[in-house]
Amino acid sequence: MDKPDKALIVTVLVPTLDPKRSSNGPWDGSIGTGCALDNGLILTARHVVKPPNRNPDHPIKVRWYALRDQFDPAGWVDLDPDDAKAIRWTGEGDLDAALLVCPRPEPLRDIPAYRLAADPPAGLPAWESRGFPRASAVNAKAEPGDFHGKVMSMSGIGDRLLSLSSELKAGDAQQDWSGASGMPVLVGDTLVGIIKEASANYDNRALKAVPTCLLRAQPAFIEAVGTNPAELFDQARTLMLRALAQSDTATDALARRLVPGCGSLEPCRQALAECALRLPLDQLVDTALEVKTVLQAKGDERGVRTLIDFVQAILPTGTDPAQVMPLGAFDPAAGCALIALKAHSPTLIELLMAAADRRGACFRTLDNDREHPVGHGLVGHVLEHGRDPTGAQRLRDLTTELVALFEAELTDNLDQALFGHLKCVVPDDWQNPDPDLTPEERAAFDQDLVEEINKRLCDRARRHQADGGRFTYYLLVDTPKTLSDQERERRDTVLLRIAQRFPYLAVLCAAPRPKLPLRELTPFGRLHSLLYTERSKP
């Protein structure tokens, strides 16, 4: 487990008003702790930056303690004087957390950000941190204290906070810990929570923290912080190793080209995963395509499948975080919304969705070299069974049907067409109502069917999701360049109804076709050739 780099932990000073003080200047206020994330943001506690006695005449300050000797005054920087601009996001209720806008200084920009834990920590892991509580003050100045202890558990029934033990012995009173608010709780280099408060019942040995898994469940938080590149790379490494374990011949062929002299198979798999994380994706795809040709000539279908899975695992790391961000914020429980994309290619959109889901790309079998590779999450393929097991014909039928509806009048027909398509996830004898139902009974029948479809979409997504990631089904809608504002409004009204009816389905509006459409996939090399199976060739 990697050790955390505590240079990313900062002091936060918030000027406050106090009638008992002789002055209420820029340095008079409360102290808290925070930690730098990516995208020029600092995570801290909400009550630190939004005290009831905030002094609006002076901006919030952040001290980069690691740089205290490199720039004046002692590493302090002022944030935007307008708190509405300085504070990017705040949690609500028991989510006592906030994000401050504060770009990292140049000397610290190459330090990887902490990973944000997606799940509560298991067992009783050791945690450590650095903070600025009164208990660690030296000569009445805010100096850092190093903390360590055990993550005990969630606090109790009805309390979603983490309970922590601390082995720091300084300070006996709860108020002595006030400056520790916002301090990161680090298990290795993974951020599992931020300190909210010291327990009133257990002196300084008991702390409570807001788990990052709860923060990650907030769409606005995810929209602000984006996708952590370190998480994508970690997930890609795991999936690449899992793929390579399926074929020794594919591993050997790749190793001879990319990491010659790596030794036995297991060290070669490790070396290949690390090489792939550094190699430009177009070069990796070209090498995999070369190996694919050799394995196909030998009839090694398992090796070919391994190659494709290996490459699909790494592809999402090459996507643009800014394009991934709105997809990462998709949350079925947060309400219905349309997601407007800057991408047009359905192939690129699958890569973006995979990055947002923190999984490998998952393209359906491509056996027609005139088709665009599309993801398994695109409705119309993965939901098929029985008479059309590959889903190819139904996907073509649905696409043709939807295109025709969009080119004609946007009415309830679109909603009904999708409803009729998604019914295939439920047993055949549940799909069609009895002909003698009253209108009220028919409406109730349809509502029951919609609820069952949503349950099954959720269950299927869970079966597909990888370790630590998720799997999202999505409906992709093209946006013509000539679409007028009025037509867009009518279209979006229909799509919002679909999003409301099927909340587990992300409704994506692709960007209009670019003038140079081939360039969208340039960073990924000859991906189409790698995915094409040539099974349909005579």
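Does R358 count as buried or exposed, and at what relative accessibility? At 17% relative accessibility, R358 counts as buried, since the cut-off for that label is under 20% relative accessible area. Keep in mind that what you're looking at is a predicted model. R358 sits in the loop between helix 11 and helix 12 (392-407). Its backbone is worth a click too: R358 is not a glycine, and yet its phi is positive, at about 55 degrees.

Let's zoom out for a moment. The protein has 538 residues, and 51% of them are buried. DSSP-style bookkeeping gives an even split, with 17 helices and 17 strands. As for how the chain folds back on itself, take the contacts between residues at least 6 apart in sequence: 68% of those join residues at least 24 apart.

Now back to the neighbourhood of R358, starting with helix 11 (residues 346-357) and its partner, helix 10 (residues 321-328). The axes of these two helices come within 8 Å and cross at roughly 65 degrees. Because of that angle, helix 10 counts as roughly perpendicular to helix 11. The crossing is right-handed. On the helix 10 side, the residues involved are Q323, V324, L327 and G328, and they meet L352, M353, A355 and A356 of helix 11. Sorted by class, this contact holds six nonpolar and two polar residues, with no charged ones.

Helix 10 has other company as well. Its buried residues are Q323, V324, M325, L327 and G328. Besides helix 11, these buried residues pack against helix 4 (219-225), strand 15 (338-340) and strand 17 (505-509).

Strand 17 is a good place to go next, since C509 lies in it. C509 has a relative accessible area of 6%, so this cysteine is buried. Leaving aside residues up to four places away in sequence, C509 touches L338, I339, A340, L341, V477, T479, R491 and L495. For one of those partners, L495, there is a distance to check in your viewer: L495 and C509 are 14 residues apart along the chain, and their C-alpha atoms are separated by 9.4 Å.

Next, move to helix 6 (residues 248-258), which has two helical partners to look at. The first is helix 7 (residues 265-278). The axes of helix 6 and helix 7 come within 10 Å and cross at roughly 60 degrees, which means that helix 6 is oblique to helix 7. This crossing is left-handed. D248, T251, L254, A255 and L258 in helix 6 are in contact with L265, C268, R269, L272 and C275 in helix 7. Seven of the residues in this contact are nonpolar, one is polar and two are charged.

How does helix 7 itself look? Its 14 residues should span 20 Å at 1.5 Å a residue, and its end C-alpha atoms are indeed 20 Å apart, so the two agree. The buried residues of helix 7 are C268, R269, L272, A273, C275, A276 and L277.

The other partner of helix 6 is helix 8 (residues 281-297). Here the packing angle is about 130 degrees, with the axes 10 Å apart, and because of that angle helix 6 counts as oblique to helix 8. The crossing of helix 6 with helix 8 is right-handed. From helix 6, T249, A250, A253, L254, R257 and L258 take part, meeting L284, T287, A288, E290, V291, V294 and L295 in helix 8. By class, that gives nine nonpolar, two polar and two charged residues. Notice that L254 and L258 turn up in the contact with helix 7 and again in the contact with helix 8.

Last stop: helix 15 (residues 439-464). With 26 residues, helix 15 reaches 37 Å from its first C-alpha to its last, close to the 38 Å expected at 1.5 Å a residue. Its buried residues are D446, L449, V450, E452, I453, N454, L457, C458, R460 and A461.

Which residues does N454 of helix 15 touch, not counting those up to four places away in sequence? They are R501, F502, P503 and Y504. N454 counts as buried because its relative accessibility is 10%. N454 and Y504 are 50 residues apart in sequence, yet their C-alpha atoms are 6.5 Å apart in space.

Key: Residues are numbered from 1 along each chain as its sequence is written. This is a predicted model: local features need pLDDT of at least 70, side-chain atom pairs count only at pLDDT 80 or more; totals for chains, interfaces and linings use all residues. Side-chain values use heavy atoms; hydrogens and water are left out. Axes are lines fitted to C-alpha atoms, for helices over the stretch in contact, and angles run from 0 to 180 degrees between N-to-C directions. Angles under 35 degrees count as roughly parallel, over 145 as roughly antiparallel, 65 to 115 as roughly perpendicular and the rest as oblique. A crossing is left-handed if the near helix is turned anticlockwise from the far one by less than a right angle, and right-handed if clockwise. Contact means heavy atoms within 4.5 Å. Ala, Val, Leu, Ile, Met, Phe, Trp, Tyr, Cys and Pro count as nonpolar, Asp, Glu, Lys and Arg as charged, and the others, Gly among them, as polar. The expected span of a helix is 1.5 Å times one less than its number of residues. Buried means under 20% relative accessible area, exposed over 50%, partly exposed in between (1.4 Å probe, protein chains only).
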